[in-house]
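Q: Could you take me on a close tour of the surroundings of one bound ligand in this model? I am new to reading structures, so please go step by step.

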Amino acid sequence: MPPRILVVYANPAVTASPVPPYGAERIAQAFRMAGCEARVLSPWLELDALGALRSALAAWPPDLVAFSVRNLDDALVVRSADGPGDLDTTFYLPAIRPLVALARNRGLPTLLGGAGYSAAPAGTLAWLGADAGVEGAADDLAWRLGRALAQGLPLAEALPDDPRVLRRKSAPVPAAGGARSVPPYRQAPGPTPRDGAWITLARHRAGRVPVALSAGCDRRCAFCVEGAFVGGAVRPRSTDEVVAEIALLRGAGVRRIWLAASELNVPDARHAVTVLRALADRRIDVEVSGFLQPAPVDDALLDALQALGTDPATLSYEFGHLDDTLLRAGAGPANRRSIDRLVELYQRRGHRVLGGSVLLGAHPLETEASVDRAVAAAHELDSALPEGLGLAWAAGGRVYANAPLGRWVAANLEAARPHLVGRLTSGFVAPLVYCRPGTPRELFRRVEAGLKGCRGPMQALNAETVLRPDALRVERWVNRAILAKEAGAPGPAVAACRAALRREPRHREALKQLGLLQANSLGDARGALGTFRRLRAELAGAEALEIDRVISQLSASSTVLPTRR
Ligand code: B12
Ligand code: SF4
């Protein structure tokens, strides 16, 4: 019998915008191609993640449990000028550890991988106590491992001799990853089989389904871990494969796609343009998005995005910083001149606003003067565009063992210490932040005050991301409701909506789902009317008009509403 591998999507961050287990799905596919049986489990789609793993182990006893650790933490340093502690970072490994322990207590071999794991491999392996880990993009390695497992070798012998592999040993964890070259790897060919539950959630909750465009980044931003674990050379995925995968998803009703790449335009935008044009030529009606950095950006890229309906004014570029001295020292992917050229391009094309993000305070050379220069640059750029600069900004940077900043901190601990906030653990696995000048909240205040008077939308990075554990739980109830509704089980769906609304009475998605269920499945027009009125009170603009239409339709006649998806 082929070996059975359970790939667990170890991502407790099941937020309002669903992020499907793409890496886990690709790894599972590589195992299957190697002759193993593989299943993907998403325990955090259930309310009791540990119970979900327990049931899965009983229903389908595996020979290996592979954990796909997508995020170590949410990488958010502080969300506001005031708060209960120095940091607002949410650390995810404590929620994952009991699941790894459960598998180990059953005597099952355990393996770690994923982007979160790869940000701090040694520390994460020690923290979670698994048998081994694999760093970086690993389709090829999973295939080789799967071949060896299929030949009957135990995990310890089946793991390839490869620099990406780390085995648990008693030796102390190094503080940070050494300079290490990522070996060239091959992405698994063919489309990736997807978990239907995540497709359903993405469709209902305006989420984006990721499709790999490339792996790797040729820039070396000090705060960023990606060049280290996905590789400094960019490996494009073939255009035919990208387009075929998107076409299949479109056939399954998916319209919103995330082109997964460190940045769409590294080392340049040619590959992205080819893919975008191929989608337009084949009239595949999708809306795409992805990360972008400031250079190079040209008409070809913006035209190709526009041809698919993406307004360049809605894009956000990773600036890193806005002060040229810091940018040239590695605080961002491109220098100030490149940012100015981007502004000129936007001016020439008539786009009214330019969006971007900066991470201030996360570089050893940062000073009050460089922060003030960045703020002054923000004002300058803001005044150059009709509706200003849309800046998402953060104060302080998470120290990842594998990022240039992490390696610098490890090598210069005494110099770094006055600027470190958080917990100093081996391998920098628990949230640790480097920030100067001042603490993250002090810097936050300084930047917030400095940006006053700008015309464009200025906001702290990801300020809208769910923070409280009980709010994450509400999102899980809402997801349960959608999945139950789609599975034709209105009773459990209504119960899940009500559970969400008991905790958060104004939750829009829960109200919408409940209203639809009352109208379409329970025949309860009065109840639906009441629910949609509550929802209407939460909305403005086009969304409010849409609900007005639903309310008048419901009051006029029928108990059945058209659902728009
Ligand atoms: C695209 C992206 C996003 C998009 C996702 C869009 C979507 N709908 O999917 C958006 C913008 C929504 C996003 C959000 C977030 N992201 Co993000 N994101 C990325 C990015 C650029 C690519 C992810 C991707 O899809 N890659 C393609 C897939 C195929 O690769 P993969 O998942 O890594 O899987 C491969 C390997 O990891 C490995 N692998 C995976 N699982 C396993 C398991 C085993 C056993 C093995 C052996 C190998 C293995 O092999 C896979 C195939 O090659 C990565 C950086 C990067 N370049 O990887 C950051 C990254 C993963 N994100 C990160 C973060 C922090 C976040 C957020 C927490 C930010 C925030 N505060 O909101 C959220 C979390 C969202 C969530 N609910 O999980 C960090 C994680 C680091 C950390 N702190 O742990 C990264 C690394 C960015 C960075 N530079 O720091 N993200
Ligand atoms: S921030 Fe963007 S451009 Fe800079 S290293 Fe990371 S992925 Fe590359």
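A: Let's begin with a term: helices, marked α, and strands, marked β, are runs assigned by DSSP, and they are numbered from the N terminus. Please keep in mind that this is a predicted model.

Our focus is ligand 1. It is surrounded by 44 residues, and the closest are Gly23, Ser68, Gly113, Ala115 and Ala137. Sorted by class, this shell holds 24 nonpolar, 13 polar and 7 charged residues.

Where do these residues come from? Eight names are worth finding on the structure: the helices α1 (22–33), α4 (115–119), α6 (139–150) and α9 (226–230), and the strands β3 (64–69), β4 (110–113), β7 (209–212) and β10 (256–260). Each of them supplies at least two residues of the shell around ligand 1. The biggest giver is α1, with 5 residues.

Let's stay with α1 for a moment and look at how it packs against α6. The axes of α1 and α6 are 8 Å apart, at an angle of about 40 degrees, and their crossing is right-handed. On the α1 side you will find Arg26, Ile27, Ala30, Phe31 and Met33, which meet Asp139, Ala142, Trp143 and Gly146 of α6. Across this contact, 6 residues are nonpolar, 1 is polar and 2 are charged.

Now zoom out to the domains. The assignment for the protein chain gives domain 1 (4–167), domain 2 (174–180 + 196–292) and domain 3 (469–556). The shell around ligand 1 takes at least three residues from domain 1 and at least three from domain 2. The C-alpha centres of domain 1 and domain 2 are 21 Å apart, and their contact involves 16 residues from domain 1 and 17 residues from domain 2. On the domain 1 side, α4 and α5 (121–128) each provide at least two of the touching residues. That side has 11 nonpolar, 4 polar and 1 charged residues. You have met α4 before: it also supplies at least two residues of the shell around ligand 1.

Finally, here is another shell to set beside the one you know. Around ligand 2 sit Cys217, Arg219, Cys221, Cys224, Glu226, Gly227, Ser262, Glu263, Gln293, Glu318 and Pro333. By class, these are 4 nonpolar, 3 polar and 4 charged residues. Try picking them out on the structure after you have traced the shell around ligand 1, with its 24 nonpolar, 13 polar and 7 charged residues.

Methods:
Residues numbered from 1 in each chain as written. Chains lettered and ligands numbered in written order. Predicted model: local features only at pLDDT ≥ 70, side-chain atom pairs only at ≥ 80, totals over all residues. Near = placed C-beta within 6 Å. Nonpolar A, V, L, I, M, F, W, Y, C, P; charged D, E, K, R; others polar. Helix = DSSP H or I, 4+ residues; strand = E, 2+ residues; numbered from the N terminus. Domains from an automatic or database assignment. Axes fitted to C-alpha atoms, helices over the stretch in contact; angles between N-to-C directions. Left-handed = near helix turned anticlockwise from the far one by under 90°. Contact = placed C-beta atoms within 7 Å.
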